[in-house]
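Grab a coffee and work through these exercises with the model open beside you. Try each task before you read its solution.

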Amino acid sequence: MAAVRFAEVHNSEPEGVWAAPGRVNLIGEHTDYNDGFVLPFALEQSTWVAASRRDDGVLHVESLQADEPVRFEVGELAPGGSGGWARYAAGVVWAMRAAGHEVGGLSLVIDGQVPLGSGLSSSAALECAVGVAANDLYALGLERAELARLAQKAENDFVGAPTGGMDQMASMLCTQGNALFLDNRTREVEQVPLDAPALGVRLLVIDTKVSHAHETGGYGERRAQCEQAAREIGVPMLRDVDLDGLDAALAKVGDEVVRRRARHIVTENARVLDTVAALRRDDLSEVGRLMVASHVSLRDDFEVSSPELDVAVDAAMSAGAIGARMTGGGFGGCAIALVREADVDAVGAAVAKAFAGSGYAEPGLLPAAPSQGARREV
Ligand code: ADP
Ligand code: MG
């Protein structure tokens, strides 16, 4: 649809069409800002951008998911300005130019399938689609990881959203049939086999439709507690505590709540490593066990779950899911369940029924298979 709309608006075919996916995190929550490990994979749902260069120095951005086109002068792009949603696109051009890359005018028409604001990273999908388009059209020759870094810079410094780098790394670097193991300290990545169809399973994303946007202090408070724990333990980051040293480390933390926060981070990092090992030997029941352990830790030690997320996980497990957990920052957003293909309908129905029984809004259900990251489509 992006290319069709482009032809209508600009009276010419776009030079090309690029796409980048949303993502969901299989395991490794709140570990990113502790220099730890995460294991996201790319969704099939992507954001498309039909794009052409233009020689008047104008960046013209339109989205089928937004009302009005937005116009910028590329030479005058600056953080914190107006432009609403279009700043996610303009920020990428700004970040590229700020890094010394010669990107000129562009006409962009965007069409996204990733639900906006559900925690599946429509923002990174948009940034990364624009990033690969500008990289190809202006022949910048940038590596994927560098494009991800510039997309993150766009979101952090141009839009002003203080997020980690997982979303953009996943959208840029994921490959079909794999999850992406990411070490947030070194930014090293490894492809980890998670070919759901070949394994006869599905990853079911359950959207509680409860927005975490209203949640204010929780995220900052958790970050501060993690920093406090690292300080009292005497390590640079909680990443530097391993499972063997956990009891000795926790004994140095005075506050009981802070101790539990630290325990979540250390055990969660271990669970990511264990999940990678289990996936490499196709041990899905171990993966499921680790997902549930992650949820319990996020619920009880880190206290970032919500009643809706707990109901989703419990209902999915009762209906035969192999594993289930909240995914994303918490306080709402999505859960993810690992489900045998034959059980997908039953698990979906059980979650919907449990939500209705609890008086919650109908959840969204999105069967997901690990898919290809950012790419040129046409
Ligand atoms: P998430 O990344 O979890 O979907 P964010 O709040 O980080 O949530 O990003 C959502 C925002 O990104 C939207 O409110 C909008 O400003 C922008 N956005 C993402 N995709 C599109 C799109 N296809 N069209 C217009 N704006 C988009
Ligand atoms: Mg986002």
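**Exercise 1. Look at the hairpin of β10 and β11: which residue between the strands takes a positive phi, and how are the strands joined?**

Keep in mind that this is a predicted model.

Step 1. Start with the turn. The hairpin of β10 and β11 has 6 residues between the strands, and G328 is the one to look for: its phi is positive, near 90°.

Step 2. Now go to the strands on either side. β10 and β11 run antiparallel and are joined by 5 bridges. One pair to click on is T327 with its bridge partner C334 in β11.

Step 3. Check the surroundings of β10. The rest of the structure largely encloses β10, because 5 of its 5 residues are buried.

**Exercise 2. Work out the strand order of the open sheet that holds β10 and β11, and say which strands are at the edges.**

Step 1. Take β9 and β11 as the next pair. Residues 201-207 (β9) and residues 334-340 (β11) pair in the antiparallel sense over 7 bridges. In β11, V201 has R340 as its bridge partner, while R202 has V339.

Step 2. Find the other neighbour of β9. β9 and β12 run antiparallel too, with 5 bridges between them. On this side, L204 stands opposite P367 in β12.

Step 3. Put the pairs together. The 4 strands form an open sheet in the order β10-β11-β9-β12, with antiparallel pairing. That leaves β10 (323-327) and β12 (364-368) as the edge strands, each pairing on one side only. From one strand to the next, the twist averages 25°.

**Exercise 3. Decide whether the two faces of β9 are covered or open, and find the helices that lie across β9.**

Step 1. Recall a rule for strands. Side chains in a regular strand alternate between the two faces of the sheet.

Step 2. Sort the residues of β9 by face. V201, L203, V205 and D207 sit on one side, with R202, L204 and I206 on the other, and all are buried. Both faces are covered, then, and the count for the strand is 7 buried residues of 7.

Step 3. Look for helices. Helix α10 (residues 284-300) lies across β9, β10 and β11, at about 40° to β10. Helix α12 (residues 344-357) lies across β9, β11 and β12, at about 15° to β9.

**Exercise 4. Describe helix α11: how far does it reach, what does it pack against, and what follows it?**

Step 1. Get the span. α11 (residues 307-318) has 12 residues and reaches 16 Å from first C-alpha to last, close to the 16 Å expected.

Step 2. List what is buried. In α11 these are E308, L309, V311, A312, V313, A315, A316 and M317. The buried residues pack against β9, α10, β10, β11 and α12.

Step 3. Look just past the end. G320 follows α11, and its phi is positive, near 105°.

**Exercise 5. Which residues have the most contacts inside the largest nonpolar core, and what does A337 touch?**

Step 1. Pick out the core. The largest one has 107 residues, and V49, A129, A316 and A337 have the most contacts inside it. Helix α3 (residues 122-137) gives the most to this core, with 9 residues.

Step 2. Zoom in on A337. Neighbours within four places in sequence aside, A337 is in contact with L204, I206, A316, A321, G323, A324 and V347.

Step 3. Don't miss the other core. A second, separate one has 11 residues, including A230, V241, A249 and I265.

**Exercise 6. Place the UniProt annotations on the model, then say whether D167 is buried or exposed.**

Step 1. Mark the domains. The unreviewed UniProt entry puts "Galactokinase N-terminal" at residues 5-53 and "GHMP kinase N-terminal" at residues 88-173.

Step 2. Compare their make-up. Residues 5-53 are 12% helix and 53% strand, with end C-alpha atoms 16 Å apart. Residues 88-173 are 59% helix and 9% strand, with end C-alpha atoms 19 Å apart.

Step 3. Find the annotated site. The same unreviewed UniProt entry has an "active site" at D167, which the model places in helix α5 (residues 166-173).

Step 4. Count around D167. There are 27 other C-beta atoms within 10 Å, and 20 or more make a residue buried, so D167 is buried. Beyond residues up to four places away in sequence, D167 touches R23, S121 and A124.

Conventions. Residues are numbered from 1 along each chain as its sequence is written. Chains are lettered from A and ligands numbered from 1 in the order in which they are written. This is a predicted model: local features need pLDDT of at least 70, side-chain atom pairs count only at pLDDT 80 or more; totals for chains, interfaces and linings use all residues. UniProt positions are given in the numbering used here, feature names are shortened, and annotations may be inferred rather than shown by experiment. A residue is buried if 20 or more other C-beta atoms lie within 10 Å of its own, exposed if 12 or fewer, and partly exposed in between; C-beta atoms are placed from the backbone. Two residues are in contact if their C-beta atoms, placed from the backbone, lie within 7 Å. Two strands pair if DSSP finds at least two bridges between them. Axes are lines fitted to C-alpha atoms, for helices over the stretch in contact, and angles run from 0 to 180 degrees between N-to-C directions. The expected span of a helix is 1.5 Å times one less than its number of residues. A nonpolar core is a set of buried Ala, Val, Leu, Ile, Met, Phe, Trp, Tyr and Cys residues joined through C-beta atoms within 7 Å.
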